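Hi everyone, thanks for making room for me today. I'd like to walk you through one chain, from the whole fold down to a handful of residues. Have a look at the picture while I talk.

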Amino acid sequence: MLERALRDRSAEGEAAGVLVGTALNDDDAEFIEHWCVQVGTRAVSGSPLLGLAGLCLGHTARRFGRLSDEALALVRSLAARAEADPSDVDGRAGDGYDDARSFLHLW
């Protein structure tokens with residue numbers, strides 16, 4: 001579903017539910033990060049999946065107490081893009097970055 005949504009924007013709504021469900025319920029942190037990074041790097045500008053990928057990385061940091069360097073760099077980048085242009089990436093990316101900083105003690 002996530003792969004399909006990256007090719008076909010009409011699938012974004014269903015993909016959003018899959019991404020959130022995975023971030024909140026799957027026990028494989030690497031699997032969650034993989035899909036958040038895929039979505040966060042491949043979704044088109046303006047896609048709601050971009051902000052959601054950042055938010056889900058924040059959930060992952062909260063649940064597992066860690067993020068890979070790649071995932072942390074992505075959530076930081078998505079938050080910066082959201083701050084610079086909310087029509088590019090929505091504000092949920094900033095919430096995800098705040099969560100990552102808090103739960104990873106990066107303040």
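I'll start with the overall fold, then go to the core, and finish with some individual residues.

A word on the source before anything else. This is a predicted model, where local features need pLDDT of at least 70 and side-chain atom pairs count only at pLDDT 80 or more, while totals for chains, interfaces and linings use all residues. Residues are numbered from 1 along each chain as its sequence is written, and side-chain values use heavy atoms, with hydrogens and water left out.

So, what is the chain built from? The secondary structure comes to six helices and zero strands. When I say helix or strand, I mean DSSP runs numbered from the N terminus: H or I of at least four residues for helices, E of at least two for strands. Along the sequence the pattern reads α-α-α-α-α-α.

How does the chain fill space? Its C-alpha atoms occupy a box of roughly 35 × 35 × 20 Å along the principal axes. For 107 residues, a compact globule would have a radius of gyration near 13 Å, and the chain, at 12 Å, agrees with that. That radius is taken over C-alpha atoms, and the globule rule is 2.2 Å times the number of residues to the power 0.38.

Now the surface. The accessible surface is about 5,300 Å², and 50% of it belongs to carbon and sulfur atoms. These areas come from the Shrake-Rupley method with a 1.4 Å probe, and for residues only the protein chains shown count as cover. Of the 107 residues, 45% count as buried. Buried means under 20% relative accessible area, exposed means over 50%, and partly exposed is in between, with a 1.4 Å probe and protein chains only.

On charges, the chain has 11 positive and 18 negative ones, and their mean positions are 1 Å apart. Lys and Arg count as positive, Asp and Glu as negative, and His and the chain ends are not counted. Each charge is placed at NZ of Lys, CZ of Arg, CG of Asp or CD of Glu.

One more whole-chain number: among contacts between residues at least 6 apart in sequence, 64% join residues at least 24 apart. A contact here means heavy atoms within 4.5 Å.

Let's move inside. In soluble globular proteins, nonpolar side chains tend to be buried together. Here the largest nonpolar core has 34 residues, and those with the most contacts inside it are Leu19, Leu49, Leu57, Leu67, Leu78 and Ala100. Helices H1 (2-7), H2 (12-25), H3 (29-42), H4 (48-64), H5 and H6 each supply at least two residues of this core. H4 gives the most, with eight residues. By nonpolar core I mean a set of buried Ala, Val, Leu, Ile, Met, Phe, Trp, Tyr and Cys residues joined through side-chain atoms within 4.5 Å.

Take Leu57. Setting aside residues up to four places away in sequence, Leu57 touches Glu33, Cys36, Leu67, Ala71, Leu74 and Val75. Val75 sits in helix H5 and is buried, because its relative accessible area is 0%. With the same neighbours set aside, Val75 touches Gly54, Leu57, Ala93, Gly96, Tyr97 and Ala100.

Next, a pair that meets across two helices. Ile32 is in helix H3 and Thr22 is in helix H2. Ile32 is buried at 1% relative accessible area, and Thr22 is buried at 15%. Beyond four places in sequence, Ile32 contacts Thr22, Ala23, Asp26, Thr60, Arg63 and Phe64. Thr22, for its part, touches Phe31, Ile32 and Arg63.

Is the loop residue Asp88 buried or exposed? Asp88 lies between helix H5 (69-84) and helix H6 (92-103), and at 13% relative accessible area it counts as buried. Outside its neighbours within four places in sequence, Asp88 contacts Ser45, Gly46, Ser47, Leu50 and Arg81.

For contrast, look at the end of the chain. His105 is in the segment after H6, and its 68% relative accessibility makes it exposed. His105 also has a positive phi of about 55°, although it is not a glycine.

Last stop, helix H5 again. Ala80 lies there and is partly exposed at 46%. Ala73 is in H5 too, and at 37% it counts as partly exposed.

That's my tour, and I'm happy to go back to any part of it.
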